[in-house]
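Colleague: Could you take a close look at one part of this predicted model for me? I'd like the charged surface patch first, and then whatever else you think deserves a look.

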Amino acid sequence: MLLNYPLRQFRPSRSMSEALLFSVIQKLDITYREERETDEHMERVIKEMREILNIVSDKKLEDGRRLNFLVSDLVDVADDALDLFTKPGDFSAFYESIHSWMGEIKKQMLKLGDDESNMTSSENVEDDVDVVGLDKDVEMLLRTNIIGGFGYWKPVLIKGMPGVGKTTLAKEIYNHATVVERFDRRAWVCLSTNVTLKELLIRLIQQVEDPQNLHTSSLLENMDNRSLRDMLTQHLQGTRYLIVLDDLPRQMRLSFLEALPEEFNGSRLLFTSHTTQMDIYVAREDVHQMKTLDSKESWQLFLKTINHGNKLTGGHKFPMNLEHMAKQMLRKCDGLPLAIKEVGKQLAERKLSGGSEWEELLESVDFGSTLKLLEPFYQKLDPRLESCFLSMAFFRENTTLKAEKVTEIWVAGGLVDSRYNCGFNLYGLINESVIEVREKSTEYRMNVVLHMLSIQKAEEKLGLEILRNNGNNNQPSESPRHHRVIICSRDKFNHSTDQDKHIVSLFFHGGGYLDTSPSYWESFELLKILDLEDFGLKILPESIGTLVKVRYLGLRNNYVKVLPDSLGCLEKLEVLDIAHNFMVQMPDIIWKMDSLVHIYMSDVICQKPLKIDALQLLETLTYVSVDNWTYALPGLKMLTSLKKLGIEGLDGNSDVSKMMASLAELKNLEHLILRGYRFRRMPCLDELRILHSLKTLKLDGLLARLPNNLPRKIESLTLIDSCLAEDPMPLLGKLSLSYLKLRNAYTGQQMVILHNSFRRLEVLCIEELWNLRNIQCGNDALHSLLKLEIHDCPYLDTLPECIPNMNEIKMVTTKSIAAKIRNSDFISKAVVVNINP
């Protein structure tokens, strides 16, 4: 049925753009009516087209260059929608791309008439004089993606956070002598100024067409988008071309690029963007992830910027005796070239205009101008990720973020709609270059400068306040605040109960003596999140039990010896993290807290076994002692939601059969960690084979041998301190693993990877194999391996050379071995090489 949405009567006196939109809507309506079937995607397209037409009418927009370009894009979108609508199949993903681009066009329509100065046609692709630390990136991109590799047509992406040097690297590639000589046609378009698709096509044509047959801008502007696409294709036919699209926005429609000539001649598309969510597919091996500068490179860029580019001469030049002080200041830039250049520029300008001493200038560096330059990045974020980006302000600067903690705080604080959206949001932050993945795939880090931006925006939009308890304590804001971060010194914690009743999240950073009165905790009437991780806390006050609305309590890595009985009053608590509080005494309170979903603990002392079988909502439990687990056997079948479990204290006396039988009843159990008791050998674990749903397994402790017939669905395996005398690789190579980590797991000198084994393994980590001297690798083994990490294997000086698709190698070894590996053929195909003594 036809979507009922008001379409104002068209008046002939309106502009040609309005008339064209009206005719397009009529065409969509007629086609949709003829099909006589309901289609939510087409209904949405028609609705959005009508809304845009009403915007044009309301604003009384006259025909102009910008409006005509936007209307041309809308006509193009309508044609694509009609093509999809008339084809059988599910094209939901393609429609989402259409809706995203229409939303962007609508926003640009609303801005029309205010400022058209953002329509520029010039492109600056000159060399950047202040370039540091890009030599390896340039060489790698040329070798593996631009010049090297197969000759087929392919897109390549330079990805990274704003200001990290994506555009600078792309310019180095674009202007490289080898590139200029190799490609018949080159074109560069910057898309950071709301460039329309039509303008993009015109700019590309103007740069790649034959100089003897140039078309005027007015002629090109009078053509529709499809004609421009055909012309672009014609100009590129039979040539080897390089097209660079700089600062590509997520929502821009690029499907036309797939219709460009794809001859087997090495033509390339090169994009720069902070995201991989684009309208054209880029293979994982063709994504170049930009990294920030190290301390040495940061210092070089700082000196280049402040001395060479800012007219400082003679005595005004930066004094080298202040190098240490300047490097301390540069830590706040965290290797971000944008921040380093902005700081250098700021210092030089203030030195020239004022006459202040360099020491004073270094102490008063202001990052406000840098954050202003990052403002467009914040504005471009997927709106669904905004609250998650703002929540990064809760965490310590330059800290390692654990996936489970971040997502659990989002849920507890109501920052995401449901826990099922957490995976999407976390992936979104990674994909949008807000956070980067650390060595472990479940650990992340946020750049210090971006962290400053998240704090600034959270103070504006989320009601965040940051208080410092350092003898000169900041007073709370007069307006109600909802989230509070308290940064403490080692002095006694001073506190105020003013305006605490609005606080939803409370985070303590630093370290201090938490001696609070009961009234302090009673004042937090709405508190849902209390996090004291790494605070140095020794005593948890009894009054903690007054926080009856708390859903997240983080006490990890403190010195707490005893948990108060009042903790049992937290009946709404969903996350309890008391891990790494050595030998903490826990009273018999767990059974009262039946809202618990995640429990993190280790080395807990209990006078009575914990009644964990009462926690039917439990999804995570790490770690519980094997004795406690065995005691609770009769009721453990009720833990139907349990997905991740850690059991510690296993030794030769543990009843493995009973334990495995109980685990087999947990149909949703996917992640299992078994930890041995100190230096005792773990029991035989052959019965692991009955855990059919298991995907991730970690064995931490001495093993006489590997278990036979490990679970068939297992994808990730970690062996720690196993000290196996027999080579584990022949047995493990039969599994369908995608991740394998061996740390102090094997004492032999030779490791053998058999022919055709480890076919699906993508990541292999080898650590602390102190005796290992040689790795033999059979043909067609490790076929899918992308990443190899080797740490602390002091005698391993040669690596197998028959790994076909390896993308990244990281190695920490001796100085002589590092030099030998760097010069070997083994690393010639790797994109990321990090070999250090």
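**A charged patch, and beyond**

Modeller: Sure. On the surface, Glu357, Glu359, Glu360 and Glu363 come together as a patch of negative charge. Of these, Glu357 sits in the loop that runs between helix 13 (337-353) and helix 14 (358-363).

Now for the rings. There are 14 aromatic pairs in the structure. Take Phe508 and Phe535: their ring centres are 5.4 Å apart and the planes are at 65 degrees, so this pair is edge-to-face. Phe508 belongs to strand 11 (residues 505-510), while Phe535 is in the loop between strand 12 (529-531) and strand 13 (552-554), so the pair ties together parts 27 residues apart in sequence. Both Phe508 and Phe535 are buried. Elsewhere, ring pairs link up Trp299, Phe302, Phe318 and Trp358 as a cluster.

The backbone has some spots to check too. Thr622 and Tyr623 are joined by a cis peptide bond, with omega at about -10 degrees, and Tyr623 is part of strand 16 (residues 620-625).

Then there are positive phi values in residues other than glycine. Asp721 has phi near 55 degrees; you'll find Asp721 in the loop between strand 20 (716-720) and helix 24 (729-732), partly exposed at a relative accessible area of 30%. Asn756 has phi near 65 degrees and lies in the loop between strand 22 (750-753) and strand 23 (763-767). Asn756 is partly exposed as well, with a relative accessible area of 39%.

Methods: Residues are numbered from 1 along each chain as its sequence is written. This is a predicted model: local features need pLDDT of at least 70, side-chain atom pairs count only at pLDDT 80 or more; totals for chains, interfaces and linings use all residues. Side-chain values use heavy atoms; hydrogens and water are left out. Patches are made of residues with over 30% relative accessible area and no salt bridge: like charges are joined within 9 Å, nonpolar side chains (Val, Leu, Ile, Met, Phe, Trp, Tyr) within 5 Å. Accessible areas come from the Shrake-Rupley method with a 1.4 Å probe; for residues, only the protein chains shown count as cover. A salt bridge is a side-chain nitrogen of Lys or Arg within 4 Å of a carboxyl oxygen of Asp or Glu. Lys and Arg count as positive and Asp and Glu as negative; His and the chain ends are not counted. The place of a charge is taken as NZ of Lys, CZ of Arg, CG of Asp or CD of Glu. Helices (H or I, at least four residues) and strands (E, at least two) are DSSP runs, numbered from the N terminus. Rings of Phe, Tyr and Trp (its six-membered ring) pair if their centres lie within 6.5 Å; planes under 30 degrees apart count as stacked, over 60 as edge-to-face and the rest as tilted. Buried means under 20% relative accessible area, exposed over 50%, partly exposed in between (1.4 Å probe, protein chains only).
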